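Subject: Structure for you to look at

Hello,

Here is the structure I promised to pass on. Please open it first, then read my notes below.

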Amino acid sequence: MDFAFTPEEEAFRREVAEFLEKEAPREYREKKVTYFDMASQPDWIAQHRRMAEKLGERGWLSIHWPKEYGGQDKSPFFRLILREELTRYHCPGYDSIGCGIVAPALMLKGSEEQKKRHLPGIASGRVMWCETLSEPNHGSDLAAIEVFAREEGDYFIVNGQKIWTTNAHFADWNALIARTDRNANPPYRGLTFFLLDMKTPGITVNPIINMAGHHEFNEVFFEDVRIPKENVVGGVNRGWYVVMSLLDYERTSDVAYAVAATYLEELEEFARECDLLTAAAKDRFARLRAECQVARLLHYRVAWMQSQGKVPNYESAMSKMVSFELLQKVCRFAVELCGESGVLAEDSLRVPMHGRIASCYLRSFGFSLEQGTSEIDRDVIAQRGLGLPRLR
Amino acid sequence: MDFALNEQQEMMQTLARDFLAGEYPEKVLRAVAESETGFDPRLWKKLAETNLLGLSIPEEYGGVGDFLDLTVVLEEMGRACFISPFFTAVALGAGTILEAGSAEQKAYSLPAIAGGKSIVTLAVAETSTGHFAEGIRSVATRAGDGFAISGTKLFVPDAQAADHIIWAARAETGITLFILDIKTPGITIRPLKTISGEKQCEVTFENVRVGQDQVLGYIGQGWGYLEKVLERASVATCAEMVGMADHVLRITLDYARERVAFGHPIGAFQAIQHRFADMAVDVDGSRFVTYQAAWRINSGLPAEREVAAARVWVTEACQRVVNSAHQIHGAIGFTEDHVLHFYTKKVRARGLSLGGIGYHLGKLS
């Protein structure tokens with residue numbers, strides 16, 4: 001048992017902090033924009049791309065990749081440290097989907113050509129990704145996917161609709177899962193994983209505005225979209241296995257516990273300035289702080305497993321669920337702490353904390369839904385983690 | 001970072017687990033819980049032979065292993081719902097002497113504790129939530145070459161089985177610790193009956209005379225020592241709770257796999273599975289937050305906030321685990337025949353011990 005970061009990891013943390021001190025968007029720091037509500041800022045996509053390129057130039061987006069793919073062979077704790085510092089500095093620039101999900105999936109299941117073609121773009125911060133999994137009729141039940149890819153010569157021709165696609169409105173590439181065999185039994189054996197250039201003709205992206213009034217996710221329509229066969233990852237009808245390995249990465253791609261801890265700290269400072277620190281409020285701060293510590297350690301366990309070459313299973317679902325539910329609690333507590341000011345809109349006169357309270361609160365309803373619902377996470381923990389039987 | 005036990009810790013874990021499996025089956029647990037002393041001298045002697053009583057005591061005083069080893073072993077003791085003066089003797093008695101004692105006092109007391117020849121208890125609280133400095137009213141006044149002490153302490157653990165007692169009283173410049181033979185004239189011990197089977201006592205000092213050499217540490221510095229001791233003991237008790245909660249989760253899983261309702265094991269139902277998922281979070285989270293605090297203490301790093309986070313979170317998480325275990329077990333878990341209630345009671349008792357979470361909530365805000 002050892003809970004210390006190595007001196008090299010500590011040095012990296014200082015290096016990142018020094019860099020962000022200079023480069024992180026100043027306004028975001030002043031307004032304390034949290035990672036999950038960056039879409040509230042009108043210039044966020046430009047800032048996201050600007051920072052991604054800067055992080056890419058330093059080699060930080062790929063720091064934990066093997067050297068053969070342009071990385072520096074560092075432990076997964078380096079990525080975790082980068083993300084913790086970005087969180088502390090309210091800084092965008094980390095493409096959770098490209099860096100966090102697509103890259104590891106490619107390294108695990110992609111061909112050499114695919115790795116050579118796509119990993120450098122992700123590492124440079126210049127190529128942004130989205131992933132199209134959910135459909136209007138299927139969210140959690142991924143095996144039921146209907147979007148169909150028909151084989152035709154050297155291509156697959158895709159038709160259908162995806163939904164809840166984060167960042168599709170500016171992403172350059174898309175990780176698409178589509179059905180290639182309608183008669184497969186069980187149905188999950190008829191799915192294929194594709195890499196799709198978002199400039200391909202036939203793709204229509206329509207915005208969906210979330211209840212916080214922000215544009216993060218979209219619906220995506222495919223009309224005779226042609227994907228070259230070389231863009232199939234992991235083999236035709238074997239996409240399910242790519243997705244399953246990807247989901248474990250997705251579940252630890254974000255550091256919601258760190259967002260919660262940062263927000264909690266800033267809330268306490270705000271509460272102190274505004275004389276809101278009653279005994280009851282202090283008690284809740286204390287409990288939430290303890291919970292931040294637990295969520296942080298559950299996340300560190302997953303990073304540690306990855307650093308040992310172990311493949312996390314239920315542990316990543318547990319970490320994701322605990323972190324996101326914690327952040328949700330913190331966002332809800334913030335509203336209660338502020339009393340009636342808690343429901344003032346972002347751009348209102350007398351709005352507390354630069355409008356973050358209401359914006360984060362409204363955004364927080366998504367936390368127990370995205371990247372797999374909390375219910376699916378609990379299924380995973382009970383069935384894969386504790387070995388309880390599935391009811392079918 | 002390393003979330004795995006090292007070789008020595010694994011060895012200690014196996015040692016404790018094997019000892020408890022062999023010497024402390026459920027029928028012994030039942031007998032000890034119902035006994036008046038909560039203490040079986042024969043078992044204690046065997047425990048001493050394993051060297052586990054020397055945990056976290058330096059080797060020069062006949063001890064073995066460090067604080068992380070003790071944490072690992074206490075988790076095992078929790079798993080077995082081990083009712084004994086172990087925690088009292090090692091975490092409280094030896095812990096306080098290590099923190100406050102002079103070289104002579106350590107050389108005199110610690111080998112005896114490690115060898116199973118002496119049980120030293122610690123008397124602090126005078127009210128039901130009394131682990132704070134202001135709560136100490138007992139007074140020690142100068143008398144001859146030493147002091148005369150009077151006062152009443154509550155919830156003194158295992159005083160009925162102890163050979164020595166460490167007593168916190170106000171003397172001259174402030175709170176001061178004294179160590180004395182528990183048979184010293186003027187001491188009255190009366191048992192308090194607990195629901196958990198653990199032994200707690202009311203101990204009264206009436207003009208008890210002690211010599212200057214029985215002052216533990218410096219006069220007036222007692223609370224400073226106790227804060228350190230309570231910090232360690234809080235983590236130690238978290239380790240016990242982790243072990244208890246983990247065992248409760250395991251037996252509840254076994255039950256949910258076997259018990260059939262509506263043609264399926266109840267463990268296949270989502271309503272039950274989601275309770276289990278939350279129990280797994282509570283057990284894993286409790287374990288890591290406890291070991292992180294133990295690791296900081298073991299490494300000599302400031303640990304106040306980590307200890308407080310552990311104490312607050314683990315106490316409530318383990319409580320949730322036993323509550324869910326009862327709901328899943330249904331009526332059978334509500335009976336005396338089933339083993340579950342021993343864990344339920346002890347988790348509750350440990351959660352409230354050493355000042356409960358109130359003391360630690362304050363350190364987190």
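Helices here are DSSP runs of H or I with at least four residues, numbered from the N terminus. Keep in mind that this is a predicted model.

Start with one helix of chain A. Glu268(A) and Arg272(A) both sit in helix α8 of chain A. They are four residues apart, about one turn of the helix. Their side chains meet in a salt bridge, with 3.7 Å from N to O. Over all chains, the structure holds 54 salt bridges.

Next, the interface. The size of an interface is often given as the accessible area lost when the parts come together. Between chain B and chain A, the buried area is about 3800 Å². Carbon and sulfur atoms give 69% of that area. Three residues stand out on the chain B side: Met1(B), Phe3(B) and Trp295(B). They supply 22% of the area that chain B buries against chain A, more than any other three residues. In the contact, chain B contributes 42 residues and chain A contributes 36 residues.

What holds charge to charge there? Three salt bridges are counted between chain B and chain A. Asp284(B) forms a salt bridge with Arg301(A), and the closest N and O atoms are 2.9 Å apart. Polar contacts are also found: 16 residue pairs across the interface, both residues at pLDDT 80 or more.

Which elements of chain B each supply at least two residues of the side that touches chain A? They are α7 (222-258), β10 (264-265), α8 (270-298), α9 (304-329) and α11 (358-364). The largest share, 15 residues, comes from α8(B). By class, the side of chain B that touches chain A has 24 nonpolar, ten polar and eight charged residues.

Now the second largest pocket. Rolling a probe the size of a water molecule over the atoms shows where empty space is left. The second largest pocket holds about 1000 Å³ of space. Its lining has 36 residues. Nearest its centre lie Arg88(A), Ala261(A), Thr262(A), Glu265(A) and Arg296(A). Both chains give elements to the lining. From chain A, α1 (7-23), α4 (76-88), α8 (256-273) and α9 (279-307) each give two or more residues. From chain B, α8 and α9 do so. The largest share of the lining, nine residues, comes from α8(A). By class, the lining divides into 15 nonpolar, four polar and 17 charged residues.

Last, some backbone points in chain A. Most residues other than glycine have a negative phi, and most peptide bonds are trans. The peptide bond from Asn185(A) to Pro186(A) is cis, with omega near -5°. Pro186(A) lies in the loop between β4 (173-179) and β5 (191-197) of chain A. Asp73(A) has a positive phi, near 65°, and is not a glycine. Look for Asp73(A) in the loop between α3 (44-57) and α4 of chain A. His354(A), also not a glycine, has a positive phi of about 55°. The loop that holds His354(A) runs between α10 (314-338) and α11 (356-363) of chain A.

Best wishes

Definitions and conventions
Residues are numbered from 1 along each chain as its sequence is written. Chains are lettered from A and ligands numbered from 1 in the order in which they are written. This is a predicted model: local features need pLDDT of at least 70, side-chain atom pairs count only at pLDDT 80 or more; totals for chains, interfaces and linings use all residues. Side-chain values use heavy atoms; hydrogens and water are left out. Contact means heavy atoms within 4.5 Å. Buried area is the accessible area (1.4 Å probe) that two parts lose on being put together, summed over both. A salt bridge is a side-chain nitrogen of Lys or Arg within 4 Å of a carboxyl oxygen of Asp or Glu. A polar contact is a pair of N or O atoms within 3.5 Å; within protein, one must be able to donate a hydrogen and the other to accept it, and residues adjacent in sequence count only if both atoms are side-chain atoms. Ala, Val, Leu, Ile, Met, Phe, Trp, Tyr, Cys and Pro count as nonpolar, Asp, Glu, Lys and Arg as charged, and the others, Gly among them, as polar. On a 1 Å grid over the protein atoms alone, a cavity is a set of points where a 1.4 Å probe fits but cannot get out, and a pocket is an open set with protein on both sides within 12 Å along at least five of seven lines; lining residues have an atom within 4 Å of a point. Grid points are joined across faces, edges and corners, and a volume is the space filled by probe spheres set on the points.
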